[in-house]
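Here is a short tour of a protein model, with an eye on its charged pairs and its backbone. Have the viewer open and follow along.

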Amino acid sequence: MHAEPRVSIHPDSKVLMAAIAARLITKLVDVQDKHGEATVVLTGGTVGIGTLKAVADSAAAPAVDWSRVNFWWGDERFVAADSDDRNTRQAHQALLSHLQVDPARVHEPGSTDQFATADEAAAAYEAELKAAAEAEHAADMSDDRPEQPGNLPRFDVLLLGVGPDAHVASLFPEQAGIREKSRTVVGVENSPKPPPSRISLTLPAINTAQEIWMVVAGEDKAGAVGLALAGANPVQVPAAGPAGRTRTLWLIDENAASRVPQQLVRKDPAGA
């Protein structure tokens, strides 16, 4: 069972990123209070990285025990580890290098320095996810967190941006990745957005997350947002596919919201 989407609209991208940052800090604190640790899946892009910088700049950031946060990525560009195109590198610059994180809890998809092909890097990331899931299961935590599929750890919050073409992570319209049903991670070649080689969680993996937050700003995204919320086919409109197990939030600015069906817009204060 997955949650119906709800939409929270903010005046502009700066306010949006600050609101997402505040919501994320609150959520991580709440999860840690209940379970001792928390897991977040990060995204790249202007809003994704801007949100991480807003977290780093927040006076509330020390409320989170960052050493007990597990970090994963929804997708990564298959380039050299030191490339500025890497979502992981941008995340370190914006946030992770400013926090007392546990390096063993930071799970970065592989780079061209480690693997010959995106498929090989995807297989390694898939194996890392499975190993984390097995370790989590072996710990036999006595709490009320719902069971996850055996090949994935629990994702408390998963952040996703949306492209003007409605892609999410590195799942592009009509391509093989968005059609994948069995694997949790795929290698992507011939991406319509450079760089052409990428690694991505699949839609079935994404949809195991407890909460999915779609974070979007800009008029160029309005068509994609409108189609996704109108219930388009995910093969043509990948942004229509993500659905969290307990919550699906669209956190967007007014420019991205111009084509949102009004019946979906609800008052949704930060943290609610």
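## Salt bridges

A salt bridge here is a side-chain nitrogen of Lys or Arg within 4 Å of a carboxyl oxygen of Asp or Glu. Asp57 and Lys53 make one such pair, with their closest N and O atoms 2.9 Å apart. Both residues belong to helix 2 and sit four residues apart, about one turn of the helix. With a relative accessibility of 56%, Asp57 counts as exposed, while Lys53 is partly exposed at 46%.

The model is a predicted one, and a search of the whole structure turns up 11 salt bridges. Another of them joins Arg68 to Glu37, at 3.8 Å from N to O. Arg68 is in the loop between helix 2 (45-57) and strand 3 (69-73) and Glu37 in the loop between helix 1 (13-35) and strand 2 (38-42), so this pair ties together parts 31 residues apart in sequence. Glu37 counts as buried because its relative accessibility is 13%; Arg68, at 34%, is partly exposed. You can also trace a network of salt bridges that links Glu37, Arg68, Asp102 and Arg105.

A further bridge connects Asp84 with Arg89, where the closest N and O atoms are 2.9 Å apart. Asp84 is exposed, at 52% relative accessible area, and Arg89 is partly exposed, at 30%.

## Backbone details

If you like to check torsions, start at Pro194 and Pro195: a cis peptide bond joins them, with omega about -5°. Pro195 is placed in the loop between strand 6 (185-188) and strand 7 (198-201). That loop between strand 6 and strand 7 also holds Asn190, which is not a glycine yet has a positive phi of about 60°. Asn190 is exposed, at 64% relative accessibility.

Glu174 is another non-glycine residue with a positive phi, near 70°. Look for Glu174 in the loop between strand 5 (157-160) and helix 5 (176-179); its relative accessibility of 41% makes it partly exposed.

## The chain as a whole

Stepping back, the protein chain has seven helices and nine strands. A compact globule of 272 residues would have a radius of gyration near 19 Å, and the 17 Å of the protein chain agrees with that. Its C-alpha trace spans about 45 × 40 × 35 Å along the principal axes.

Of the 272 residues, 53% count as buried. The protein chain exposes about 11,600 Å², with carbon and sulfur atoms supplying 50% of it. As for charge, the mean positions of the 25 positive and 36 negative charges lie 5 Å apart.

How values were computed. Residues are numbered from 1 along each chain as its sequence is written. This is a predicted model: local features need pLDDT of at least 70, side-chain atom pairs count only at pLDDT 80 or more; totals for chains, interfaces and linings use all residues. Side-chain values use heavy atoms; hydrogens and water are left out. Helices (H or I, at least four residues) and strands (E, at least two) are DSSP runs, numbered from the N terminus. The radius of gyration is taken over C-alpha atoms; the globule rule is 2.2 Å times the number of residues to the power 0.38. Buried means under 20% relative accessible area, exposed over 50%, partly exposed in between (1.4 Å probe, protein chains only). Accessible areas come from the Shrake-Rupley method with a 1.4 Å probe; for residues, only the protein chains shown count as cover. Lys and Arg count as positive and Asp and Glu as negative; His and the chain ends are not counted. The place of a charge is taken as NZ of Lys, CZ of Arg, CG of Asp or CD of Glu.
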